[in-house]
Amino acid sequence: DGFERLFGAAQLLLCSRGFARHYGFDTPQEFLPWMRERAPQAEVVVAWGESGAYGSDGTQSICHAPAQPPLQVRDTLGAGDTFNAGMIDARLQELALPNALEQACRLAGRKCGVYGFDL
């Protein structure tokens, strides 16, 4: 309880579809503006499973990167963590938000194509 107070200190907020649904949102287009009100200084990203990922960088526009599933899905366990790691790495490389979303979706897709974490 109360962790929402920390939103104002973040530069990047990585959210899940489950987190958005917990707060009553069924689409990223509804969720992202609500989150931006709570953390106007932060980039906000929400992973939306097979629909890809969405982000907002402080403008009114929302960017989207489609999911990049492998030819054969073998194991989705850890795909969300892999996506988050890909986003953090991309932003540390100072990639623009749309490119960062694409890189993270690509990495998460690769993860889904292997068992465990043997990328």
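This tour moves through a predicted model, stop by stop, with a selection to make at each one.

**Stop 1: helix α2 and the core around it**

Begin by selecting helix α2, residues 28–38. Within α2, the buried residues are P28, F31, L32, W34, M35 and R36. Now add β1, α1, β2 and β3 (53–56) to the selection, since these are among the elements that cover the buried residues of α2.

Next, display the largest nonpolar core, which has 17 residues. Colour L13, C15, F31, M35 and V46, the members that touch the most other members of this core. Four elements, β1, α1 (17–22), α2 and β2 (43–47), each contribute at least two residues to the core. Helix α2 gives the largest share, with four residues.

Centre the view on F31. Which residues does F31 touch, once those up to four places away in sequence are set aside? The partners are C15, F19, A20, F25 and V46.

**Stop 2: a separate core and F83**

Apart from the core just shown lies another, made up of 13 residues. Select C63, F83, L101 and A108, which are among its members.

Stay with F83, which is located in helix α3. F83 is buried, at a relative accessible area of 5%. Beyond its neighbours up to four places away in sequence, F83 touches V45, A47, A53, L101, A104, C105 and A108. Then draw a C-alpha to C-alpha distance from F83 to G109: the value is 8.6 Å, for a pair 26 residues apart in sequence.

**Stop 3: T82**

Move to T82, which also belongs to helix α3. Is T82 buried or exposed? T82 is buried, with a relative accessible area of 11%. Show its contacts with L107, A108, K111 and F117, leaving aside neighbours within four places in sequence. Keep K111 in view, as this residue returns at the next stop.

**Stop 4: salt bridges**

The model has five salt bridges; three of them can be visited here.

- Select E43 and R91, whose side chains form a salt bridge with an N to O distance of 2.8 Å. E43 is in strand β2 and R91 in helix α3, so this pair ties together parts that are 48 residues apart in sequence. E43 is buried, at 14% relative accessible area, whereas R91 is partly exposed, at 26%.
- Select K111 and D75, which meet in a salt bridge of 3.5 Å, N to O. This pair connects distant parts of the chain, with K111 in helix α4 and D75 in the loop between β4 (63–65) and α3, 36 residues apart. K111 is buried, and its relative accessible area is 0%.
- Select E102 and R106, whose closest N and O atoms are 3.5 Å apart in a salt bridge. E102 and R106 both lie in helix α4; because they are four residues apart, about one helical turn separates them. E102 is partly exposed, with a relative accessible area of 38%, and R106 is likewise partly exposed, at 38%.

**Stop 5: the largest pocket**

Switch to a surface view. Rolling a probe the size of a water molecule over the atoms shows where empty space is left. The largest pocket holds about 440 Å³ of space. It is lined by 24 residues, and those closest to its centre are A47, G49, A79, G80 and A108. Select β1 (12–16), α3 (79–92) and α4 (97–112) to see the elements that give two or more residues to this lining.

Colour the lining by class. How many of its residues are nonpolar, polar and charged? The lining has 14 nonpolar, eight polar and two charged residues. A108, one of the residues closest to the pocket centre, has already appeared as a member of the 13-residue core and as a contact of both F83 and T82.

**Stop 6: E94**

Finish at E94, in the loop between α3 and α4. Check its backbone torsions: E94 has a positive phi of about 65°, although this residue is not a glycine. E94 is exposed, with a relative accessibility of 71%.

Note on methods:
Residues numbered from 1 in each chain as written. Predicted model: local features only at pLDDT ≥ 70, side-chain atom pairs only at ≥ 80, totals over all residues. Heavy atoms only, no water. 1 Å grid on protein atoms, 1.4 Å probe; cavity = no way out; pocket = protein on both sides within 12 Å on 5 of 7 lines; lining within 4 Å. Points joined across faces, edges and corners; volume = space filled by probe spheres on them. Nonpolar A, V, L, I, M, F, W, Y, C, P; charged D, E, K, R; others polar. Core = buried A, V, L, I, M, F, W, Y, C linked by side-chain atoms within 4.5 Å. Buried < 20%, exposed > 50% of the residue type's maximum accessible area, 1.4 Å probe, protein only. Contact = heavy atoms within 4.5 Å. Salt bridge = Lys/Arg side-chain N within 4 Å of Asp/Glu carboxyl O.
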